[in-house]
Amino acid sequence: MSWREIYESRKCTADEAVKLIKSNDNVILGHCICEPTGLVDAMVANYENYENVTVAHMVSLGKGEYTKPELKKHFRWEGFFCGGGTRKAVEEGHGDIIPVYFQDVPRWIRNGLLEYDVCMVMVSPPNEAGYCSMGVESGYTYQAVKSAKIVLAQVNKNMPRTFGDTFFHVSEFDRFVEMDMPLVESKPPVIGEAEKAIGKYCASLIEDGATLQLGIGAIPDAVLSELKDKKHLGIHSEMIADGVVDLVEAGVIDCSEKTLHNGKMIVTFLMGTKRLYEFADNNPMLELKPVDYVNDPAVIAKNNKMVSINSALQVDFMGQVVACSIGTRQFSGVGGQVDFVRGAAMAEDGKGVSIIAMPSVTVKKDGTVISKIRPYIDHGAAVTTNRYDVDYIVTEYGIARMKGKNLKERARALIDIAHPDVREELKEEFEKRFNVAW
Ligand code: COA
């Protein structure tokens, strides 16, 4: 059969495609913007056909309707990263988080620690050779497509075709459902005075010719806006957002000094607006590769002047970084933070820099101001980057380097970059904690 005949013979409606899901199946969704929202809606609408279907994914910007308490007999969420659609299910007890480094997800799928009956993805229409592109994602989804027993594809003409490991021949899919819709967008962060100051401090740690990793959240993308005077920056990153497009267009990011994949931006997924997705389409400067390659610290370390920039919810006096929980509440997941902190530390040229950048405080909706630098992490919180791996912490009040410092020196350096309103209180805690005068 020609690829066209294969494609035509496997085309069906969303309702027909999701009939291939059976009760008790494990279903994995394409990561982030690769989530096939049309197929997911059809699966949820047909809930009466299923009992105890487990749904898994990492970052999702979708509605997460399979986590509704009234559907818990039909669906159970068990994923690797919480977001707006799934946090509540974990809090209410009918959803679960599996702690796993992002880079391990494809390995765990390969070695059977994670097994999926069905994988549902969003892809571009086939090209002239009969290959569909997953466009915005390679991450874990590449392996999930290879390993799942059944693969259902939502074909969307708005999905870009990107280079790297994103293409699959039509014969690798069991059903195609043509459903065009705009890709989900994540808006760029609002950049205020604190973000600008953080960006400037981070910029002071970034040399011309550096290769950058940018983590998830508002701060890493905000940092990019302060890098307009740099030259020959490169990208080797788990994800990128719109800020990267500005710097490519300004000629700041050209990847010309990268020691690994010279001339190319290497990423595992895209999460931004239509502008980013259009930039990525058919752009040979960008390659998406699976996360077990991109986030492997030994691979990251091959990039000279590697700089990782990630964010945090809380940092304690010892430099322990909490980035995925607020007390016992699971807020997100480890993602690739630790992989890049370690990869930068191992950089073969010895010039790697890992930065945890965050505003000094967070202001809750009721006006409560909470210092993110604290004597101790909250009860029940999980450490994301531990005190042995952490290096630079940046707030809008400066830079505190952790490596090479004893515990008292770490605490002093952190209090110096805490919000001025809480410094006296933190100094008192310092005296109690270490039994010495400030
Ligand atoms: N105590 C209580 N609440 C806090 C808090 C603290 N110390 N710090 C932040 N919060 C609250 C904020 O008020 C905000 O609440 P809201 O949603 O009600 O407005 C919420 O937590 C999110 O905070 P914010 O600072 O806006 O987060 P962000 O979107 O910038 O993301 C992380 C920051 C740390 C959550 C995000 O970077 C993350 O998930 N990191 C882990 C994974 C990672 O680093 N991956 C890197 C490779 S991609």
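## Ligand site

A polar contact is a pair of N or O atoms within 3.5 Å, and in this predicted model a nitrogen atom of the ligand meets that cut-off with a polar backbone atom of Leu313, at 2.7 Å. Side chains also approach the ligand: an N or O atom in the side chain of Lys372 is 3.0 Å from a ligand nitrogen atom, while a polar side-chain atom of Lys364 lies 3.3 Å from an oxygen atom of the ligand. Of the 980 Å² of accessible area that the ligand has on its own, the protein covers 81%.

The ligand is surrounded by 24 residues, the closest being Ile216, Leu313, Ser332, Gln337 and Thr362. Sorted by class, this shell comprises 10 nonpolar, 10 polar and four charged residues.

## Nonpolar cores

The largest nonpolar core contains 84 residues, and those with the most contacts inside it are Phe80, Ile253, Met265, Leu270 and Ile355. When neighbours within four places in sequence are left aside, Leu270 is in contact with residues that include Ile33, Gly135, Val136, Ile240, Tyr277 and Leu288. A second core, separate from this one, has 24 residues, among them Leu39, Leu71, Phe75 and Met120.

## Cysteines

The structure holds zero disulfides. For Cys255, which is in no disulfide, the nearest cysteine sulfur belongs to Cys202 and is 19 Å away; Cys255 is buried, with a relative accessible area of 0%. Cys324 is likewise in no disulfide, the nearest cysteine sulfur being that of Cys82 at 9.5 Å, and Cys324 is buried with a relative accessible area of 8%.

Technical notes. Residues are numbered from 1 along each chain as its sequence is written. This is a predicted model: local features need pLDDT of at least 70, side-chain atom pairs count only at pLDDT 80 or more; totals for chains, interfaces and linings use all residues. Side-chain values use heavy atoms; hydrogens and water are left out. A residue is near a molecule or strand if one of its heavy atoms lies within 4 Å of it. A polar contact is a pair of N or O atoms within 3.5 Å; within protein, one must be able to donate a hydrogen and the other to accept it, and residues adjacent in sequence count only if both atoms are side-chain atoms. Accessible areas come from the Shrake-Rupley method with a 1.4 Å probe; for residues, only the protein chains shown count as cover. Ala, Val, Leu, Ile, Met, Phe, Trp, Tyr, Cys and Pro count as nonpolar, Asp, Glu, Lys and Arg as charged, and the others, Gly among them, as polar. A nonpolar core is a set of buried Ala, Val, Leu, Ile, Met, Phe, Trp, Tyr and Cys residues joined through side-chain atoms within 4.5 Å. Buried means under 20% relative accessible area, exposed over 50%, partly exposed in between (1.4 Å probe, protein chains only). Contact means heavy atoms within 4.5 Å. A disulfide is a pair of cysteine sulfur atoms within 2.5 Å.
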